[in-house]
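Here is a note for a colleague who is meeting this model for the first time. Please read the points with the structure open beside you, and look up each residue as it is named.

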Amino acid sequence: MQRLLKVALALLIMVSIVSPWSARHSVAAPAVKVTIWYYWVQTADTEFKALVSAYERSHPNVSITLVNVPSDQMQTKLQAAAAAHQLPNLAMIAAENVNNLSQTGQLADLLPYARASRTSLSDYYPETLSFGKLHHKLLALPVDASDVGFFYNKSVYKQAGLNPNKPPKTWAELTSNAKKIKAKTGVWGHEFCIQYPDCITYGWFGYLYELGGRFLNKSNTAAAFNSPAGRKAMSFWVDSVKQGISPAGNWGEFSKGRAGSNQDGSFVVSFWQGTPSAQAPFDFGTGKLPVPAGGHESSTLGVESGVVFKGTPAVQKAAADFLFWFTSPRIVADWSEPTGFLPVRKSTVKSTSYNTWLKIHMPALMPFVKMLPSAKPRPSIPQWPRISTAFGLQFQEAVYGKKTVQKALLDATKQINALLRG
Amino acid sequence: MRVQDESGGWMSAAIPLRTSFQGLRRLVRRGDERYPREDVVAAVVCLLPAGLILGTFVFYPILWSGYLSLTSWNGFSPTVHFVGLANYAHLINDAVFWNSLSVTARYALGVVILNCSLGLIVAVGLDAPLRGRSLYRTIYFLPVVTSSVAAATIWGALFDTAGYANVLMGQLHLPQPDWLGNPSLALISLVMLTAWTSIGLNTVLYLTGLQAIPVPLYEAARLDGASAWQQLRHITFPLVAPTTFLVAVLSIINAFQAFDIVYVLTGGGPVGSTDVLGYFLYRTTFQFSQFGYGASIAYVVFAIIFSTTLIQWRLSGSGSSALG
């Protein structure tokens with residue numbers, strides 16, 4: 001009996017040793033591990049995690065680790081990681097940072113993967129791709145976009161005797177409406193973002209482009225905004241402040257219900273309509289950016305991109321495969337609809353399902369989607385943050401009456417040309 | 001705590017610690033005999049953890065940023081270019097730096113004036129035999145323990161064009177300005193916020209100074225018929241001068257390090273009117289990715305703070321009465 005017990009105990013021990021081992025080896029472990037850094041929060045964070053899970057289910061050989069980095073720390077963390085050779089395999093970043101990041105020499109060229117996956121790059125909006133086209137390579141792929149459009153407060157429009165379903169289509173209408181609003185309601189007619197230099201360039205570029213102006217020359221080696229188009233676009237903002245229909249102070253009067261209209265990014269639509277905790281403070285409408293006489297439709301384009309860092313061939317390929325999957329037309333729709341980001345693929349925008357969704361769930365986004373083909377980005381050059389600040393400060397000087405528009409443009413040109421010369 | 005000695009026996013941890021300090025003392029004494037080897041070992045062992053921590057997180061970054069200030073590096077490129085003193089030369093010719101220095105100096109002046117005056121006024125009030133004095137002291141100290149970002153957010157609502165400050169101004173039939181959007185008022189608004197956040201600490205410092213003044217001095221003055229103002233002017237002010245010196249030095253140092261409230265409330269604007277050195281440094285380094293130039297700004301800020309303190313130290317008779 002005692003011997004039997006000993007045999008049973010020995011068997012039990014063997015089983016207990018072997019069974020975990022066999023259990024471990026009965027399920028195939030993921031062959032490739034990919035780490036992704038991103039900064040999306042709230043709805044976008046939830047949706048991104050869901051899409052990553054879906055990708056892992058359809059690609060059992062790939063395991064993805066997500067690291068959410070606060071957006072204002074992403075650049076610093078990437079710099080530190082590059083210096084310490086601890087970069088992730090893939091990062092989702094603001095497209096303006098691609099050029100700077102390319103200087104690490106650690107960005108993988110995505111063109112071979114595009115060819116291998118037979119992805120048609122012509123289906124992406126060309127301006128969204130422009131950020132990644134560097135050194136005859138494709139160093140980033142756009143994952144979503146935004147552009148600047150017109151927002152207005154329908155209640156204020158009604159109070160001012162204006163049609164709440166008819167946003168202004170021209171600069172003249174915008175000024176006329178703003179004057180009526182100021183006179184009849186006492187709130188500001190229209191708000192421009194003047195508080196922060198970068199906010200100025202983001203909002204103002206559309207006005208410059210509408211007049212056919214350029215900020216820098218084609219080779220990005222000299223300032224080009226001191227032109228009739230630049231003078232007219234800057235004067236439009238400055239004159240609105242001088243006439244007392246636009247505030248010159250802190251940004252945010254419109255969102256507090258103290259201005260009839262403003263211009264802002266398309267992400268505000270999804271923020272106000274798609275985020276339960278951030279409902280719109282009033283009934284708002286949207287429209288395309290009003291166009292000047294003799295001008296044409298345009299807007300400022302913002303893009304978020306995915307970049308793949310160099311690594312082992314297997315990991316680099318897995319990261320690139322995920323990125324192309326994430327920007328495939330169907331997934332672009334899955335990503336754009338709940339988040340309110342603008343699609344980067346033409347075929348997604350043309351699809352019946354996306355347009356149906358847009359009409360039913362987020363009609364306020366429609367003008368922004370329509371402006372997407374004509375929207376243009378700010379220059380993607382390493383000096384951009386300094387250039388944007390230098391220009392914004394001169395712009396503020398003109399708005400606050402410390403300089404004329406001509407002098408501000410001239411001084412900004414001198415400073416920016418010096419920055420471009422290095 | 002007990003540790004094992006050379007013979008394998010146990011002794012108090014205080015003994016090797018004491019031995020190490022004795023060893024160190026001998027090290028610095030000129031002409032001493034050779035110190036025992038075990039003393040040196042004990043001293044090194046005891047100092048090593050602190051030395052490693054300080055070396056890694058204090059001395060190495062200081063030296064590294066000093067080296068960075070002599071380079072041109074954007075934080076992305078693997079190559080760092082040595083440029084000698086070019087960053088410092090550029091700083092001298094940088095109009096934005098001079099504006100920033102001027103803004104910081106004006107900000108520091110405003111903060112010093114408000115900190116010293118408000119701190120003393122509140123301290124004099126709280127030094128009087130009031131009912132609920134402890135409660136008042138706690139209330140005045142609360143802003144000191146409030147996060148500066150939280151304080152800035154609250155004051156942002158206060159300074160809003162339709163905020164409480166303007167509601168009050170409206171009720172008093174006074175103009176309702178754009179506190180943070182007006183280039184003439186934005187810096188003054190920041191000075192008020194800074195004074196509010198530090199009033200508790202300054203009050204405590206002044207209270208300590210006031211309570212050190214001998215009461216018979218006031219009694220003698222009253223017997224001589226001195227008014228309250230005369231007592232304040234001829235007894236209190238001169239005798240709290242060392243505290244005033246201390247408050248002024250601390251205020252200047254804090255003013256030259258200001259960053260968070262500017263970041264939250266104004267972003268250095270409008271038109272660079274609140275672009276203090278701390279924010280200029282942050283923007284240059286982390287937004288413009290000019291790490292070398294940013295490091296040179298940091299060293300210049302350090303030099304300014306250090307020399308200001310030295311000058312004040314000299315002017316106040318080595319500051320011994322204030323700190324010692």
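1. Leaving aside its neighbours within four places in sequence, Gly257(A) is in contact with three residues of chain A, namely Asn153(A), Val187(A) and Phe282(A). Please keep in mind, here and below, that this is a predicted model. Gly257(A) and one of these partners, Asn153(A), are 104 residues apart in sequence, yet their C-alpha atoms are 7.5 Å apart in space.

2. Where does Gly257(A) sit in chain A? Its place is in the loop that runs between helix H10 (228–242) and strand S8 (259–265). With a relative accessible area of 25%, Gly257(A) is classed as partly exposed, because that class lies between the buried limit of under 20% and the exposed limit of over 50%.

3. Asp45(A) belongs to helix H2 of chain A, which covers residues 42–58. Is Asp45(A) buried or exposed? Its relative accessible area is 14%, and Asp45(A) is therefore buried. Once neighbours within four places in sequence are set aside, the contacts of Asp45(A) are Tyr38(A), Trp40(A) and Asn68(A).

4. Trp40(A) also appears in the largest nonpolar core, which has 132 residues, and it is among the six that touch the most other members, together with Trp204(A), Phe215(A), Phe322(A), Phe326(A) and Ile416(A). Helix H12 of chain A, residues 313–326, gives the most to this core, with nine residues. Apart from this core lies another one, of 54 residues, and among them are Val103(B), Ile213(B), Ile235(B) and Ile261(B).

5. Trp204(A) deserves a separate look. Beyond its neighbours within four places in sequence, Trp204(A) is in contact with Phe215(A), Gly230(A), Ala233(A), Met234(A), Trp237(A), Phe391(A) and Phe395(A).

6. Chain B as a whole has 15 helices and four strands, and buried residues make up 39% of its 324 residues. If we take the contacts in chain B between residues at least 6 apart in sequence, 61% of them join residues that are at least 24 apart. Chain B exposes about 18400 Å², and carbon and sulfur atoms supply 68% of that area.

7. How many cavities of 30 Å³ or more does the structure hold? There is one, and the largest cavity has a volume of about 30 Å³. Its lining consists of Gln75(A), Leu78(A), Ile93(A), Asn97(A) and Leu101(A), with Phe76(B) coming from the other chain named there. Sorted by class, the lining has four nonpolar and two polar residues, and no charged residues.

8. Some backbone angles should be checked by eye, since most residues other than glycine have a negative phi, and most peptide bonds are trans. His136(A), which is not a glycine, has a positive phi of about 60 degrees; its place is in the loop between strand S4 (133–134) and strand S5 (137–138) of chain A. At a relative accessible area of 84%, His136(A) is exposed.

9. Ser289(B) is likewise not a glycine and has a positive phi, of about 55 degrees. Ser289(B) is found in the loop between H13 and helix H14 (291–315) of chain B, and at 4% relative accessibility it counts as buried.

10. Finally, a cis peptide bond joins Gly269(B) and Pro270(B), with omega about -5 degrees. Pro270(B) has its place in the loop between helix H12 (260–265) and helix H13 (277–287) of chain B.

Key. Residues numbered from 1 in each chain as written. Chains lettered and ligands numbered in written order. Predicted model: local features only at pLDDT ≥ 70, side-chain atom pairs only at ≥ 80, totals over all residues. Heavy atoms only, no water. Helix = DSSP H or I, 4+ residues; strand = E, 2+ residues; numbered from the N terminus. Buried < 20%, exposed > 50% of the residue type's maximum accessible area, 1.4 Å probe, protein only. Contact = heavy atoms within 4.5 Å. Areas by Shrake-Rupley, 256 points an atom, 1.4 Å probe, with all protein chains shown as cover. 1 Å grid on protein atoms, 1.4 Å probe; cavity = no way out; pocket = protein on both sides within 12 Å on 5 of 7 lines; lining within 4 Å. Points joined across faces, edges and corners; volume = space filled by probe spheres on them. Nonpolar A, V, L, I, M, F, W, Y, C, P; charged D, E, K, R; others polar. Core = buried A, V, L, I, M, F, W, Y, C linked by side-chain atoms within 4.5 Å.
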